[in-house]
Structures are given as structure tokens and as C-alpha cells.
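Work through these exercises with the model open. Try each task before reading its solution.

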Amino acid sequence: MTIIIVGGGLTGISLTLFLRYFCRKDLEIDLIENGGTKKNHSILQERTIFLNKSTLQKFKKIKALSDIRNHIYPVKSIYISKHGCKNLLKISSEEYLSCPFFGCTTLLSKVKRYLFKKVQLISNKSTRIHHPDQVNHIKYHKNYISARLKSGKILRAKLLISSCKINTDNGRYGIQWSEKCRQFATFMKFNTEKPFCGVSIERFTKNGSLAVLPNGTNHGTLIWFYDKDIKNNIDRLSKESFVRKVEEELPFFNNIFGKIQNLSRRSSFPIYVSTPDSVVNHRLILIGNAAQTVHPIAGQGFNLIVRDIYELSQIISKSMKKSEDFGSYMILQKYREKRKMDRIRVVQMTNMLSEIYNSSFYSYLFNIFFKFFSVSPDYLRKKLIRRILNTLHII
Ligand SMILES: Cc1cc2nc3c(=O)[nH]c(=O)nc-3n(C[C@H](O)[C@H](O)[C@H](O)COP(=O)(O)OP(=O)(O)OC[C@H]3O[C@@H](n4cnc5c(N)ncnc54)[C@H](O)[C@@H]3O)c2cc1C
């Protein structure tokens, strides 16, 4: 029985590793990656991403964590603040969750490189990598699905899982996506005078939200989400003016980390949020960026995807044990239903967070919560925050 995985980004690579771990040896996998464009690589692949504890545990289970262990940095505390609210809410993992860290940060390009190497190491007759190659067309048949590659190869499988949107004979898989540019983002790396000590920052400023993630002892990444109308103003700032602007927006930054030094080149890009009208079709599952692109504000995109991958690998493994057809509509429906609520929750939560900085209803609500947290007794605040973090799968 064969599965075709289209797209060897972080999702496709991880899915290959999870399927290889959970499923029997007679599962054959064809992974197709077209290599991406150079432009995409230089700008977006160098970003830092946050992997929560549950994601790290899942990678540990499939014995892939050791491959990236040297390139992850723990996030031990999150400092949350908002323009107009005096307090700084400090949430430490030790104090709130009795565990040493919330999760870790890492460079997307590095994790991808190490995990791809791992896939190459396990590739054999039953795990085939087609790289560089790309799927140009897909055809649906009653008992199988076939993919025509740019190289001319034609692959057949019981199920095709795609992490990218490609054109097929039937439009884009016969599925419609709603896509919206929600905001723009600028990100850059920098050094600090004082060590990060695992602190990350989320600040809702007048001009969008700003996140700072640790990326080494004295290295950090800053990402600033803002609306289109101020994009030109931000893009035009010189390095020095940009640092001044950031220090203005983060008034407590210098006290904690000292001065911002060695600012890298800045890149700005649009933040698209998209969802398909269905994540399954005949012998087809959409996963990763093809199933949803959520606003990156809370660093939840890939963490959500790993939960999808984990569930899907388990469902496929169980159906193989029962000698069922894992590409059948019944199995795909089961997966869709199991993962529906988590996806809706993360999409809603990230959309809501992305609107907190402006004068929306969510901003008003956030102010009330924030004030409540600063006056509420310790035990109540901890209980509530623990509940929020758990419900929203932030940890
Ligand atoms: C600014 C930003 C910050 C983020 N921060 C976080 C974070 O902190 N934590 C978190 O969990 N998530 C975060 N995310 C989300 C996370 O980066 C994505 O969820 C993840 O990278 C998605 O990977 P993917 O493999 O699904 O998609 P992609 O990276 O888009 O991969 C798709 C792959 O398919 C290939 N491809 C395309 N067409 C074809 C074809 N026809 N045939 C074969 N291959 C093809 C492409 O070359 C590409 O490699 C962030 C996202 C952004 C934009």
C-alpha cells in the first residue's frame, strides 16, 4: 500500500518520519519536493519558530528530537504587555506549570535540514524521495489516485497527502480556499548585551503586535505584525530609527536585555491566512499549510500541524493493522472529524490575538482580563492562566 506525500517542507518531512515510525514496513511512501524558490528561501526560511512541549515530546517519541537537540533554545518565561496597560504579566513555566520550559525556539531552516537528512538516511525501497521534482497533475480513480510529476514519472497510491496547493485536472484538487492578507510582518535577528535566559516577549503596541524570541544566549529574533497602512513607514526606517522605534514600543526592553546590537537585515512580508472548504477529497488529504495557514502571532501553526500529523499517522497505522483501505472515504472522514475542533480553535484564537492591539472588541476584552490578572490573588491567576494555556494548546 502506497502513500504519496506532496511537498517536502517541514510538514511533508515530519509526516514521512511519523508514518515511518508508526506504520508497518509494507507501507510505501513517495515524498515529492520541488525545492522551493530562492526568494522564498532567503526571506522566510530563516525565521525562528516556537515548538511547544507537546510537539517536542512527539518528536522525542519518534526518536527525531536528538537530530535537532543542539539547535533548540528553551522558552522559560513569557512577558506579556499592552500599550495603555501599566503592568507586565510575567508567566514563568516553573511557577505556573511546574516544568522547566514552555517549549523551545529554533531556526526553521535548521530543523528542516536536519529532519530532511534523517529522511534521506531512512530512504530505501519503501521510502522514496523525488527531489527535485514536482507534481503537475493529479487524477482521481475509484480505487487509487495518480500523480504525474514534472520528470514524467507517474505515481499511484491509495492516498495522496498534500502540504501545498497545486493545480490538478480538477482546479486545485476540486477544493476552494478562502485566502486573506491579514497583516504584514517585519522580522530581523539581533544580539543583546545581557543574556536572554529563556525570556520571550509578546507586546501589543499601538502599531500592531511585537514578539521577541530567544535564539541563543545573546541572540534573539524580533517579529512585528502591523497593518498595511503603516507598512511604508516601517519599511522606510533606517536601522538606527528602527531600533529607536522598537525601544520606544518596548519600554522595558533595555532594562531586561540591555541594548539591541548587531541588527540583521530586515525583511517584511504579507501574512496570509487561508482555509480550504474541506481538508479531504476522494483519496486526498490536505495537511500543513495547505490545510490552514494561521496567523503566526502565537507561534501555533506548525504545532497544530504536528497534532494533525500525529493523529493521521495513528489512524493510518490502525487501519493497516485491520487491513482496511486507509484511502477510503470512511477513514478520511474519521480524520477530518477528529481534527476539526482543534483547527477551528487555533484559527479563531490567532485571529483574535492579531486584533488585540487595535481598538477592537478583543482589545477591550483583553484590557479587562489584564487588569483582572494584575489584581487577582496569586492562586486564582495561576489557575486561570494554566487553564487558558491548556485549552488553547499553547503549551
Ligand atoms: C512569520 C511566521 C512565523 C511562524 N512562527 C511559527 C512558530 O513560532 N511556531 C509554529 O508552530 N509555527 C510557526 N509558523 C508556521 C510554520 O512556519 C508553518 O506552519 C510551517 O512552516 C508550514 O510548513 P509546510 O511544510 O506545511 O509548508 P511549506 O513550508 O509551504 O512547504 C510546502 C512545500 O511544498 C513544496 N511544493 C510546492 N508545490 C509543489 C509541487 N507542485 N510539487 C512538489 N512540491 C511542491 C514547496 O517547495 C515547499 O517545500 C510561522 C509562520 C510564519 C509565516
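**Exercise 1. The ligand and its polar partners**

How far does a backbone N or O atom of G301 lie from a nitrogen atom of the ligand?

Solution. The distance is 3.5 Å, from a nitrogen atom of the ligand to a backbone N or O atom of G301. A polar contact is a pair of N or O atoms within 3.5 Å; within protein, one must be able to donate a hydrogen and the other to accept it, and residues adjacent in sequence count only if both atoms are side-chain atoms. Taken alone, the ligand exposes 1,000 Å², and the protein buries 86% of that. Such areas come from the Shrake-Rupley method with a 1.4 Å probe; for residues, only the protein chains shown count as cover.

Next, take V135. A polar backbone atom of V135 is 3.1 Å from a nitrogen atom of the ligand. Then take R47. An N or O atom in the R47 side chain is 2.6 Å from an oxygen atom of the ligand.

A note on the source: this is a predicted model, in which local features need pLDDT of at least 70, side-chain atom pairs count only at pLDDT 80 or more, and totals for chains, interfaces and linings use all residues. Residues are numbered from 1 along each chain as its sequence is written, and side-chain values use heavy atoms, with hydrogens and water left out.

**Exercise 2. The shell around the ligand**

Describe the shell: its nearest residues, its elements and its chemistry.

Solution. Start with the nearest residues. There are 29 residues around the ligand, and T11, E33, N34, R47 and F50 come nearest. Here a residue is near if one of its heavy atoms lies within 4 Å.

Now the elements. Helix 1 (10-22), strand 3 (48-52) and helix 10 (301-321) each supply at least two shell residues. Helix 10 gives the most, with four residues. Helices (H or I, at least four residues) and strands (E, at least two) are DSSP runs, numbered from the N terminus.

Last, the chemistry. The shell divides into 14 nonpolar, 13 polar and two charged residues. Ala, Val, Leu, Ile, Met, Phe, Trp, Tyr, Cys and Pro count as nonpolar; Asp, Glu, Lys and Arg count as charged; the others, Gly among them, count as polar.

**Exercise 3. S274 in its surroundings**

Is S274 buried or exposed?

Solution. S274 is found in strand 18 (residues 267-276). S274 has a relative accessible area of 1%, so this residue is buried. Buried means under 20% relative accessible area, exposed over 50%, partly exposed in between (1.4 Å probe, protein chains only).

Check the partners. The S274 side chain makes a polar contact with the side chain of K165, at 3.3 Å. Leaving aside neighbours within four places in sequence, S274 is in contact (heavy atoms within 4.5 Å) with K165, W177, S178, E179, N289, Q292 and T293.

**Exercise 4. Two positive phi angles**

Compare the settings of Y173 and N262.

Solution. Y173 has a positive phi of about 60° although it is not a glycine. Y173 is in the loop between strand 12 (159-162) and strand 13. Y173 is buried, with a relative accessible area of 0%.

N262 is not a glycine either, and has a positive phi of about 45°. N262 is in the loop between strand 17 (260-261) and strand 18. N262 counts as exposed, at 58% relative accessibility.
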